[in-house]
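Colleague: Mind walking me through this one? I'd like to ask a few things as we look.

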Amino acid sequence: MRISDRRFALYLMTPAALFLAIFVAYPLFRLIADSFFKISPIAGGPRDFVGLQNYVTAFASEAFMGAGWRTLAYTLVVVTLEFALGLGMALLFTALGRSSQVWRTVFLYPLMIAPIVAGLLWKFLMIDNFGLIGTLLHQAGILSNPNQIGWLSDPNIVLFSVAIPDIWLTTSFMCLVLFAGLQNIPGDLIEAARLDGARAPALLFRIILPLLRPVIAVALVVRGIDAARAFDTILIQTNGGPQSASETMSLLIYRTMIRFGDPGLASAMGTIYLLAMLAVAFFAVATIWRPGKDN
Amino acid sequence: MSSRTAIPRNRATTEGDVTGQAAQPTSKVTAPQRLRQRRGVNREGLEAGRRSTRTILWILLAAAMVLYGFPFLYLLFTSFKTPIDTIAVPPTILPTEWTLENYANALGRSGVLASFINSVQTAIISTLLSLVLAIPAAYGITRYKTPSGRVFIMAALVTRMVPPVAIGIPLASMMSSVGLADTPIALSIAHTTISLPLSIWLMSSFFEAVPRDLEEAATVDGCSRLGALWRVVIPVVSGGIAVTAIFAFLASWNEFLFALLMTAIRSQTTPVVIANFQTQFGLDWGSMTALAAVYSIPVILLTLLLQRKIVAGMTLGAVKG
């Protein structure tokens, strides 16, 4: 008895599909279900159906709306800077060609470092009093006093400071992907444009970037999703402070669940957060990626 | 990039510039040949030719590498400082006195060695689980191209967007209801929810590259479809499996949030221990940096050794997509 190919393919996929159904879809279902209840954090405590009350509370709370905007700002800062730096490095490596290969490898190393370690390391570099960055800027004559910039203690700039480890960790990924994309651009095309008198900026904006568009889209979407979920680096650097100025959505949900003991409200926040992520991701994929249309 | 010379260059002239020797352009090469040569080496179109330009670019690269590499070097230097040196004002880059005290402190602390064992255990179980589930699934998706396969790979992509913080708590309570609370198995299952979609995605690209004739020949010779997968296809994609394994391993090794939510004392992994240094024992920067160095260096070395394969794996999905 030989089963059909279609059925055989289905059997091959079943274990993985079951795994994702049990360990991702079911917890998600529980999360959504919990968002309609007022739940006592004590195990076996009361669990009362409250309808949409948790959603109303979430949208009415300043902390939730603030965290939403901060998450958006954080994601934009991380992805923009990473893209600019990654593209710069990819162009540099491409311009240097084969002889830069060793350095391309070395440039990869932050990708292997745990985000928690990166957060810790940059906290140590930026911390008040004995942080090295303030001291070096002071010695270089840029700052009048090593503590002039409170990287992690000034609520106005802390959201930018906590993004630095994230940028440091994954610029390599951006660079790697863009570099690979650059290798696929036919050399003749560039030569032809040069013969036509195209200068470097025109070459970049008229030829290279449009040709890289599908690669850029994938890299931006992948990194955008990751940045919007950032947790480790921020937790270890500031724990969301000072005055919640670096509290992004992941941290707020975590604190609502664990510290403030309100699983129902945290679940409602988690549900909104997930829906927003899906909506933005689909929008991004539909507008900038457009799979199929670029080929 | 910034060189706008219109003269067609070939590899010989470019390399001549690097070594500083005036290489003779190979004049015997005909125009079509040269064109073909250039097509083969895509890099050439964007590679800078002028010596002055290249010098400037090398200086830029050197600056970038110093800025980029410095933070981790500073972590290493700090781990060799004495406790007083660590928080000296103003800080120094190099230790005034080199010592292994921080390493002895960090590794001697109770729970640290156990957390290493937990990290290794969790990462290995999660890697194996990812591979065992992803290989057949990816094969089914790429080889048979059924509608269910297309739906499945999209669903796997969507799981990537699920924030761990949203499913961590329900997952933890599921685990405790089946008696797996605070075990490496529970944590590795949670880590597999992260690495499985990635593994399916990667393995699909690798299977895509295997010519279909290969299994067809095997099935004609009397191999079953499963037999063909196991005996013919798997050996061909073994390099791809290695790459996927590294990614799954790294995802688990470096993961923090699930580890924080799902482990207590018994199965705590090292990232949680590193984070706990700052609350439980005050700000013990020296030990913290030492432990962070010990935890990071093995994977950095491993990846530098296997870098070619890893680069291939990282770029496959994105560039082809």
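Here is our chat about it.

Modeller: Heads-up, this is a predicted model, where local features need pLDDT of at least 70, side-chain atom pairs count only at pLDDT 80 or more, and totals for chains, interfaces and linings use all residues. Residues are numbered from 1 along each chain as its sequence is written, with chains lettered from A and ligands numbered from 1 in the order in which they are written.

Colleague: Is A:Leu111 buried, exposed or partly exposed?

Modeller: Buried takes 20 or more other C-beta atoms within 10 Å, exposed 12 or fewer, and partly exposed is in between, with C-beta atoms placed from the backbone. A:Leu111 has 19 such atoms within 10 Å, so the verdict is partly exposed.

Colleague: Which residues does A:Leu111 touch, leaving out those up to four places away in sequence?

Modeller: Contact means C-beta atoms, placed from the backbone, within 7 Å. The C-alpha atoms of A:Leu111 and A:Thr170 are separated by 6.1 Å, although the two are 59 residues apart along the chain. The residues touched are A:Leu169, A:Thr170, A:Ser172 and A:Phe173.

Colleague: How are α1(A) and α9(B) oriented to each other?

Modeller: Angles run from 0 to 180 degrees between N-to-C directions, with axes fitted to C-alpha atoms over the stretch in contact. Under 35 degrees is roughly parallel, over 145 roughly antiparallel, 65 to 115 roughly perpendicular, and the rest oblique. Helix α1 of chain A and helix α9 of chain B pack at about 135°, axes 10 Å apart. The pair is therefore oblique.

Key: Contact = placed C-beta atoms within 7 Å. Helix = DSSP H or I, 4+ residues; strand = E, 2+ residues; numbered from the N terminus.
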